[in-house]
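Q: Before looking at individual features, I should like to learn how such a model is read. Could we proceed from the general idea to the particular case each time?

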Amino acid sequence: MTATTRPSEAAAPGTEGTGRAACHHGEILQGVFLDERRRPVHGLVTLPMNGPGSTARFAHRPGSPPDEVTVTPAGRTKARAAAVLAVRECAARRDAKPCGGELTLVGDLPVGLGMGSSTSDVIATVRAVADSWGMGLPSETIARIAVRAEGASDPLMHGVRPLLFAQREGRVLEVLGPALPPAVVVGCTLAQGAPVDTLALPALPALHHDDDLTAYAQLRRMLRRAVTTADTALLGRVSTSSARLRQRVLRHQEFPTLTAIADRAGAVGVQIAHSGNVAGILFDPRAPGLHHALRRCARALDRAGITPTRTFTTFASPLSEEFPWTNTSRTPSAART
């Protein structure tokens with residue numbers, strides 16, 4: 001239904017809706033980039049991952065104030081803020097009177113590892129509220145609500161296409177192409193899976209310095225070329241370079257070990273969550289001896305005290321068929337949602 005729907009067609013009192021959102025596995029690239037007006041803008045490209053995510057259910061509470069939204073589990077303040085904003089958005093599109101409701105969130109995402117748990121909650125919430133009104137909201141609208149609710153947002157509402165996304169403004173800076181180059185990722189957690197307080201992270205020094213802008217512009221061009229040509233090796237070079245630059249903020253003690261394991265295992269590179277402790281080692285799925293390399297990599301991580309978690313791909317292929325040994329993957333050791 002559209003914004004031209006008549007008031008009499010507004011959602012019936014007590015209507016319920018559900019929404020779902022996936023997570024990601026940190027970033028391929030994150031830094032500062034020039035936008036179309038040549039302004040320095042914070043931007044990122046996430047590494048999508050199927051499987052874990054958040055599911056939301058929203059039920060109208062007829063006659064209640066629109067700001068009166070209760071959320072279970074308690075403490076999900078960002079999701080609650082998103083629900084209030086989404087209720088007002090949907091009511092305005094229907095020219096109807098908004099009301100509050102009850103929001104319930106269920107998920108299997110670790111919190112604080114940099115996998116987009118809060119964004120997943122927020123997107124699932126907005127979709128659930130919209131569904132309760134019998135409509136779907138455009139991705140751009142969901143992004144705007146997510147940024148208002150969180151202050152910054154991952155681009156999960158746009159699907160799995162590789163996007164350079166201005167996380168603090170909720171807008172797409174560039175669509176890099178239809179899909180990331182094919183890669184197999186051996187996921188792991190650093191710092192023993194401890195959650196990261198993103199608000200406590202220091203800002204990058206000289207964030208808008210010409211050297212930084214030049215470096216990130218070069219990585220942006222390289223990633224664009226990697227996507228266009230399906231060049232997995234170039235993807236690995238970009239993600240490793242971005243992760244190394246981010247070390248100025250995160251300072252992962254295991255980072256040299258992670259890159260050394262990647263080199264010895266024949267990987268194309270590493271990637272990290274730029275605001276968390278989740279990381280991955282990237283392999284070209286077309287490389288000879290891939291299965292042996294993956295096993296060797298997982299064993300090396302274990303020996304180094306870095307917990308391997310799951311193995312997944314950037315392309316559509318059931319891991320249960322292609323990598324049956326990965327079905328015993330472990331859950332990252334962090335608080336569960």
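A: Helices (H or I, at least four residues) and strands (E, at least two) are DSSP runs, numbered from the N terminus. In this structure, Ala230 is in the loop between helix H4 (210-229) and helix H5 (232-250). This is a predicted model, in which local features need pLDDT of at least 70, side-chain atom pairs count only at pLDDT 80 or more, and totals for chains, interfaces and linings use all residues. Residues are numbered from 1 along each chain as its sequence is written, and side-chain values use heavy atoms, with hydrogens and water left out.

Q: How many helices and strands does the chain have?
A: The secondary structure amounts to eight helices and 10 strands.

Q: What share of the residues count as buried?
A: Buried means under 20% relative accessible area, exposed over 50%, and partly exposed in between (1.4 Å probe, protein chains only). Of the 337 residues in the chain, 54% count as buried.

Q: Which backbone features merit attention?
A: Most residues other than glycine have a negative phi, and most peptide bonds are trans. Ala230, however, has a phi near 55 degrees, a positive value in a residue other than glycine. Its relative accessible area is 32%, so Ala230 is partly exposed. Arg38, also not a glycine, has a positive phi of about 65 degrees. Arg38 belongs to the loop between strand E1 (16-34) and strand E2 (40-60); with a relative accessible area of 61%, Arg38 is exposed.

Q: Where is there a cis peptide bond?
A: Thr72 and Pro73 are joined by a cis peptide bond, with omega about 0 degrees. Pro73 is located in the loop between strand E3 (69-72) and H1.

Q: How should the packing of H1 against H3 be read?
A: Axes are lines fitted to C-alpha atoms, for helices over the stretch in contact, and angles run from 0 to 180 degrees between N-to-C directions. The axes of helix H1 (residues 77-94) and helix H3 (residues 139-150) come within 8 Å and cross at roughly 140 degrees. H1 is therefore oblique to H3; angles under 35 degrees count as roughly parallel, over 145 as roughly antiparallel, 65 to 115 as roughly perpendicular and the rest as oblique. The crossing of H1 past H3 is right-handed. A crossing is left-handed if the near helix is turned anticlockwise from the far one by less than a right angle, and right-handed if clockwise.

Q: Which residues make the contact of H1 with H3?
A: Contact means heavy atoms within 4.5 Å. From H1 the contact draws on Lys78, Ala81, Ala82, Leu85, Ala86, Glu89 and Arg93, and from H3 on Thr141, Arg144, Ile145, Arg148, Ala149 and Glu150. These residues comprise six nonpolar, one polar and six charged. Ala, Val, Leu, Ile, Met, Phe, Trp, Tyr, Cys and Pro count as nonpolar, Asp, Glu, Lys and Arg as charged, and the others, Gly among them, as polar.

Q: At what angle do H2 and H3 pack?
A: Helix H2 (residues 117-132) packs with H3 at an angle of about 125 degrees, the axes being 10 Å apart. H2 and H3 are therefore oblique to each other, and H2 passes H3 in a right-handed crossing. Ser118, Thr119, Val122, Ile123, Val126 and Arg127 of H2 meet Ile142, Ile145, Ala146 and Glu150 of H3. By class, this contact has six nonpolar, two polar and two charged residues.

Q: Is Ser239 buried or exposed, and what does its side chain reach?
A: A polar contact is a pair of N or O atoms within 3.5 Å; within protein, one must be able to donate a hydrogen and the other to accept it, and residues adjacent in sequence count only if both atoms are side-chain atoms. Ser239, in helix H5, counts as buried at 0% relative accessibility. The Ser239 side chain reaches the backbone oxygen of Gly236 at 3.1 Å and that of Val270 at 2.8 Å.

Q: Which side chains do Glu174 and Arg248 contact?
A: Glu174, in strand E6 (residues 171-175), is buried with a relative accessible area of 14%. A polar contact of 2.8 Å links the side chains of Glu174 and Arg220. Arg248, also placed in helix H5, makes a polar contact with the side chain of Asp212 through its own side chain (3.1 Å).
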